[in-house]
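Open the model in a viewer and show side chains as sticks. The stops below concern aromatic rings and the charges placed over them.

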Amino acid sequence: MKDVQAQQDLRHIALKHVGIKDLRWPICLADREKGSQHTVAEVTLAVDLPQEQRGTHMSRFVECLKQVGPIRPHELEEVLDGLRQKLEARKALLEFDCPYFVTKKAPVSGIESYLDVECHFRAEKGETFSLEVGVDVPIHTLCPCSKEISKYGAHNQRAWAKIRIRTAQPVWIEELVEMAEKGASTPLYSLLKRPDEKFVTEMAYENPRFVEDAVREIALQLNGDPRIDWYTVTVESEESIHNHNAFATVEKEV
């Protein structure tokens, strides 16, 4: 059959990325407590396209994943090598987002429950291989200014700590979650009995944090970890008394 994608293109415009996205695929992640955890990711796969080629062969992206089976993060370079070879490309990109569940104990009752976080992986390979790992962690913040100026109480809300790192050494997802929670006024829990709720409420009141405070506290922990070469952190607060969100971002220079 005629190979239309391989036709010559005369517009002389090379493309940085061309591929498929929003593909659901099974993956396996390393779990610090249980060894491994199976979940489902939304995957993006792409390669570069030279200016002389009209299109790429979209079906080959899924074929490469089928050869590997369920994705494991340490196999990402293998997937990228397969993409480059099969699609005759110089560079390849793989991204996936997936839920991950961390087991947490309530602070007083000790009852266990799950906290779901969103994990992000971005792997690229041209002349060299690079891997960016990230996690979005729900946390709780209480406003220091509101506490200071109010006769009683202080506005508080759910926030998100979004951490992205590059590292040549393994870093547990659970470690990033713990760093995010240490930067917050208090961690979040899916199951709290009344003594737990009292503890968390009072802990937040005694530990007020602006988004600026939270992002700096997380950055201090990342700065102290010699495994981490680069990071960016954003804390975004879903403000309870405003019709907008507040955020702060910090990035480590390479």
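Start by selecting Tyr-114, which is partly exposed at 48% relative accessibility. The model is a predicted one, and the accessibility value is computed from it. Partly exposed covers the range between the 20% limit for buried and the 50% limit for exposed, so Tyr-114 at 48% falls inside it.

Now add Phe-101. Its relative accessible area is 39%, and Phe-101 is likewise partly exposed.

Next, go to the other aromatic residues. The structure has two aromatic pairs. Select Phe-96 and Phe-121 for the stacked one: the ring centres are 4.7 Å apart and the planes meet at 25°. Colour strand E3 (residues 92-105), which holds Phe-96, and strand E4 (residues 112-125), which holds Phe-121; the pair therefore links parts 25 residues apart in sequence. Are these two phenylalanines, Phe-96 and Phe-121, buried or exposed? Both are buried.

Return to Phe-101 and Tyr-114. Their ring centres lie 6.3 Å apart with the planes at 80°, so this pair is edge-to-face. Phe-101 is in strand E3 and Tyr-114 in strand E4, so the pair ties together parts 13 residues apart in sequence.

Two stops remain, each with a lysine and a tyrosine. Select Lys-104 and Tyr-189: Lys-104 lies over the face of the Tyr-189 ring, 4.1 Å from the ring centre. Then select Lys-147 and Tyr-205. Here the charged end of Lys-147 is over the ring of Tyr-205, at 4.5 Å from its centre.

Technical notes: Residues are numbered from 1 along each chain as its sequence is written. This is a predicted model: local features need pLDDT of at least 70, side-chain atom pairs count only at pLDDT 80 or more; totals for chains, interfaces and linings use all residues. Side-chain values use heavy atoms; hydrogens and water are left out. Rings of Phe, Tyr and Trp (its six-membered ring) pair if their centres lie within 6.5 Å; planes under 30 degrees apart count as stacked, over 60 as edge-to-face and the rest as tilted. Helices (H or I, at least four residues) and strands (E, at least two) are DSSP runs, numbered from the N terminus. Buried means under 20% relative accessible area, exposed over 50%, partly exposed in between (1.4 Å probe, protein chains only). A charge sits over a ring if NZ of Lys or CZ of Arg is within 6 Å of the ring centre and within 35 degrees of the ring normal.
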